[in-house]
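Biologist: Before we discuss this protein, I should like to have its sequence and structure in front of us. Please display them, and we shall then proceed by question and answer.

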Amino acid sequence: MGIGFTLVVWGIIFSILAFILGLLAAVGVRIFCKPKGRILKMVLAFLTPGVAIFVYAGCSMLYMALVSSVLNIDLGFGDSWYVPIDKVYALESIDTAEHGMLMKGNEVMVEHVTAVQVIEGKVVGKGTHIYFALDMNTGQIQYYPSLNALQKATGIGRIELMDNATFYWKKRETVYMIGGILCLIIMLLAVKMFWKVGLYREYENGK
């Protein structure tokens, strides 16, 4: 799926979710709030989930775009993704993360990569039927028939391969968690301001 199509699908899903949550919120206000100003509060309650969802989604998109430009990590939308291993090499995939490619710029170094580990200046991993080790200093690649053969040849004490999807997530886990907290704070502030502006006249009349 392209990025545009993905955004449209998520927009539809978010709109349906906001509508359902808005109806529930409006019914809750109708049941529990006093008659004075209740209609206005019902309208605000109905719109609040939409405001919250789309503010959070918008902030997330901006944050992910910033992370992508600074760390060169894919946004996570569309039919392909990539994640840098260092300044030279990257792991890329099209359609599914199960079968990736170890890349050096536009050059494919290893195809059909299913799991990787970066350790001691090397990228070690598993392909469809073989294991490999790429020396990031020299660019040399060696292939091995088994994990034991890979471990003995490289002298790496402990090999713990990580599937592509997990490796991709681990590379962006910390910055995305920070972004999630920041976006949540902005969303709460936006909802608070939305209600404050919406109830401004009522506050003024109550003085």
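Modeller: The model shown is a predicted one. Let us begin with Gln151, which has a relative accessible area of 25% and therefore counts as partly exposed.

Biologist: In which helix is Gln151 found?

Modeller: Gln151 is partly exposed at 25% relative accessibility. Its place along the chain falls within residues 147–154, and this segment is helix 3.

Biologist: Which residues is Gln151 in contact with, leaving aside its neighbours within four places in sequence?

Modeller: Contact here requires heavy atoms within 4.5 Å. With the neighbours within four places in sequence set aside, Gln151 is in contact with Ile156, Gly157, Arg158 and Ile159.

Biologist: What distance separates the C-alpha atoms of Gln151 and Lys87?

Modeller: Gln151 and Lys87 are 64 residues apart along the chain. In space, their C-alpha atoms are separated by 25 Å.

Biologist: Arg158 is among the contacts of Gln151. With which residue does Arg158 form a salt bridge?

Modeller: A salt bridge requires a side-chain nitrogen of Lys or Arg within 4 Å of a carboxyl oxygen of Asp or Glu. The closest N and O atoms of the Arg158 pair are 2.6 Å apart, and the partner is Glu160.

Biologist: Is Arg158 buried or exposed?

Modeller: The cut-off for an exposed residue is over 50% relative accessible area. Its partner in the salt bridge, Glu160, has 45% and is therefore partly exposed. Arg158 has 59%, so this residue counts as exposed.

Biologist: How many salt bridges does the count come to?

Modeller: Besides the pair of Arg158 and Glu160, the side chains of Lys170 and Glu173 meet in a salt bridge with an N to O distance of 3.6 Å. The count comes to two.

Biologist: Where do Lys170 and Glu173 both lie?

Modeller: Lys170 is partly exposed at 47% relative accessibility, and Glu173 is partly exposed at 22%. The two are three residues apart, about one turn of the helix, and both lie in helix 4.

Biologist: Gly179 also has its place in helix 4. Why does Gly179 count as buried?

Modeller: Helix 4 covers residues 164–198, and Gly179 is part of that segment. Buried means under 20% relative accessible area. Gly179 counts as buried because its relative accessibility is 3%.

Biologist: What distance separates the C-alpha atoms of Gly179 and Val67?

Modeller: Along the chain, Gly179 and Val67 are 112 residues apart. Their C-alpha atoms are separated by 9.3 Å.

Biologist: Which residues is Thr48 in contact with, leaving aside neighbours within four places in sequence?

Modeller: Thr48 lies in helix 2, which covers residues 38–71. At 16% relative accessibility it is buried. Beyond its sequence neighbours, Thr48 is in contact with Val191, Phe194 and Trp195.

Biologist: What is the phi of His112?

Modeller: Most residues other than glycine have a negative phi. His112 lies in strand 4, residues 107–113, and is partly exposed at 45% relative accessible area. Although His112 is not a glycine, its phi is positive, at about 55 degrees.

Biologist: Glu120 likewise has a positive phi, of about 55 degrees, although it is not a glycine. Where is Glu120 found?

Modeller: Glu120 counts as exposed, because its relative accessibility is 55%. Strand 5 covers 115–119 and strand 6 covers 122–126, and Glu120 is found in the loop between them.

Biologist: Turning to the whole chain, how many helices and strands does the protein have?

Modeller: Read along the sequence, the pattern is α-α-β-β-β-β-β-β-β-β-α-β-α-α. The protein therefore has, by the DSSP runs, five helices and nine strands.

Biologist: What radius of gyration does the protein have?

Modeller: The C-alpha trace spans about 80 × 30 × 30 Å along its principal axes. A compact globule of 207 residues would have a radius of gyration near 17 Å, but the protein has 25 Å.

Biologist: What percentage of the residues in the protein is buried?

Modeller: The accessible surface comes to about 12800 Å², of which 66% belongs to carbon and sulfur atoms. Of the 207 residues, the buried ones make up 32%.

Biologist: How far apart do the centres of the positive and negative side chains lie?

Modeller: The protein has 18 positive and 15 negative side chains. The centres of these two sets lie apart by 19 Å.

Note on methods: Residues are numbered from 1 along each chain as its sequence is written. This is a predicted model: local features need pLDDT of at least 70, side-chain atom pairs count only at pLDDT 80 or more; totals for chains, interfaces and linings use all residues. Side-chain values use heavy atoms; hydrogens and water are left out. Helices (H or I, at least four residues) and strands (E, at least two) are DSSP runs, numbered from the N terminus. Buried means under 20% relative accessible area, exposed over 50%, partly exposed in between (1.4 Å probe, protein chains only). The radius of gyration is taken over C-alpha atoms; the globule rule is 2.2 Å times the number of residues to the power 0.38. Accessible areas come from the Shrake-Rupley method with a 1.4 Å probe; for residues, only the protein chains shown count as cover. Lys and Arg count as positive and Asp and Glu as negative; His and the chain ends are not counted. The place of a charge is taken as NZ of Lys, CZ of Arg, CG of Asp or CD of Glu.
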